Amino acid sequence: MMAKKKEANTKIRLATAWLGGCSGCHMSFLDLDEQLLDLFAAADLVYSPIADIKEFPPNVDVTLVEGAVANVDHLELAQQIRANSKIVVSFGDCAVTGNVTSLRNRLGVDDLLTAVYHEGPGNLPRGGEVDKVMPALLPKVLPLHQVIPVDATIPGCPPDPERIWTAVSALLAGKEATLPEKMRMFG
Amino acid sequence: MSVITLTLNGEMISGLTGQTLLEVIREHGVELPTLCHLEGISERGGCRLCMVEVNGRMTAACVTKANEGMHVNTHTEKLQNYRRMILELLFAERNHVCAVCVMNGHCELQSVAAAQGMDSVRYDYLSPELPMDASHKRFVLDHNRCILCTRCLRVCDEVEGAHTWELKGRGIHSMVITDLNGPWGESPSCTSCGKCVQVCPTGALYDQGSTVAEMEKKHDFLPWILGGRGKKEWNW
C-alpha cells in the first residue's frame, strides 16, 4: 500500500497560496526542514508562491491559504481556490482572524491611501488618479472564512512548524486537522 | 456551616452552605472557564463563561450560592456553544490582535479561547477606533484590549481603597475610566500601586515600555495582602 501511495499519480495534490500576509507562514512552512522530504514523498506541490506556477490548477486536494482577504485579487483567488480544492485550510492568524492585515479596518480605504501615500514624507510615487494597475482594496480586510467556506484552521503568527506538521500530516492521512489545545492559541 | 448535597453532572457531591457554585464545582475537580472572577475580590457575574445549568436553568456559577438538592450540569452542548459564542463576541467587539499584543502568550482571553476550542470568529469584527492612555508615568491603558471584566475597578476599590477606576457608558459603549474621565497620569486618587495592572486578564493594562509578548502578570499578591489583613499581621 505504501509503495503504491508513493507513485506520482496517487500523490496528494497540495497547494499553498499567499493573500494579504507577510509570508511569515510560508517561512515557517519551509522551517519544516527534513519533514519537507516526508511531505513531498506523499504530496506534489501544484501551486505555491515558492514554486513558479502562474495559474491555480484544478483538482487540488489540500490548499493552505496564508493571509487575509484585503483586495479584489485576493477575493478572486480565494474563490478560485475554493472552486478547485477539496480541503481549504486557513493558514496562520491573518487568514484565521484578519490579524495585522486587518489593523487598517478602522480607517476608510480613501483615508488609508491618503494617510499612507499622500500625507507621508517624500514625493508621491504617482498622481492622485485612480491606479489601473494595482488591485482595488476592499472596504474591510476579511478573514478567509468570511469569504469562502473553510474546512480547517492553523492559527499562529506564524504557526510554528510543529503546528503545521500536526495539521498537514493529519490531512495527508485523510484525518481531520484538529489541533491540541496548546497548538490552538492565536498569536 | 452545614453540609449540603447536590448533583454535579450526575454525581452526588457535597458542599458547605454559603459557598458559591463555582467554588463547589472547582473543589470537585471540574474546570469552568472564567475571566471576570478572581480569587480575593468580589464577584461580578459579568463574563458569563462560568454559566451552568441548575435544574435546567442557566445561571452564572460565580454569583449563585450552592443549595441543597440542586442538579447542576456544567458542560452540556448548549453551554459549550454559548461559551464559544461569548468568546467570539469578545474577540469581535474590540481589537484583540494577539500577534502584536504585549500579553501575547500570557493572556487569559487568549488561553481561555484556545481551551474552549475557539478556532475562528463567526461574527463580523467591529474594528472600533479606540484610544490609548499612556499619560501615567508607569502604566498604559489600551481600550482596544479591554473586555470590561472590571477586575481593575474591584481591586482598586476593595483592596487598594482608592476607587480610581470606574465604568462610563452602557453596553457596547462602556469604557473603563479613571476618576472623572481625565487622563490617568493626572488622576489625584491613583496611588500608582499597580494592582489594577496585575489583575487585568488581557493587555488592556500594562507596564510602560513593554513590547509584544513581554508583559506577564502576577496575582499572588492578592491572597498575601488579604491574608495578612485578615490575620491582622499588618500593624502599620
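In this predicted model, helix α4 of chain A, spanning residues 72-84, is home to Ile81(A). Is Ile81(A) buried or exposed? Ile81(A) counts as buried because 21 C-beta neighbours fall inside 10 Å, and the cut-off for that class is 20 or more. Setting aside neighbours within four places in sequence, the residues in contact with Ile81(A) are Ala17(A), Phe56(A), Thr63(A), Val65(A) and Val88(A). Val62(A) makes a handy reference point for anyone tracing the chain: 19 residues separate Val62(A) from Ile81(A) along the sequence, and their C-alpha atoms are 9.7 Å apart.

Attention now turns to chain B and its strands. Here β6, β7 and β10 form an open sheet of 3 strands, in the order β6-β7-β10 and with antiparallel pairing. The edges are taken by β6 (132-133) and β10 (205-207) of chain B, each of which pairs on one side only. Between β7 (residues 139-142) and β10 of chain B, the antiparallel connection consists of 3 bridges. A convenient place to look for this pairing on screen is Phe139(B), which stands opposite Asp207(B) in β10(B). In general, strands of a sheet pair through backbone hydrogen bonds, in either a parallel or an antiparallel manner.

The two chains also meet each other. On the chain A side, 19 residues are in contact with 18 residues of chain B. Which element supplies the largest share of the chain A side? That share, 3 residues, comes from helix α5 of chain A (residues 93-97). Sorted by class, the side of chain A that touches chain B comprises 7 nonpolar, 8 polar and 4 charged residues.

Key. Residues numbered from 1 in each chain as written. Chains lettered and ligands numbered in written order. Predicted model: local features only at pLDDT ≥ 70, side-chain atom pairs only at ≥ 80, totals over all residues. Contact = placed C-beta atoms within 7 Å. Helix = DSSP H or I, 4+ residues; strand = E, 2+ residues; numbered from the N terminus. Nonpolar A, V, L, I, M, F, W, Y, C, P; charged D, E, K, R; others polar. Pairing = 2+ DSSP bridges. Buried ≥ 20, exposed ≤ 12 C-beta atoms within 10 Å, placed from the backbone.
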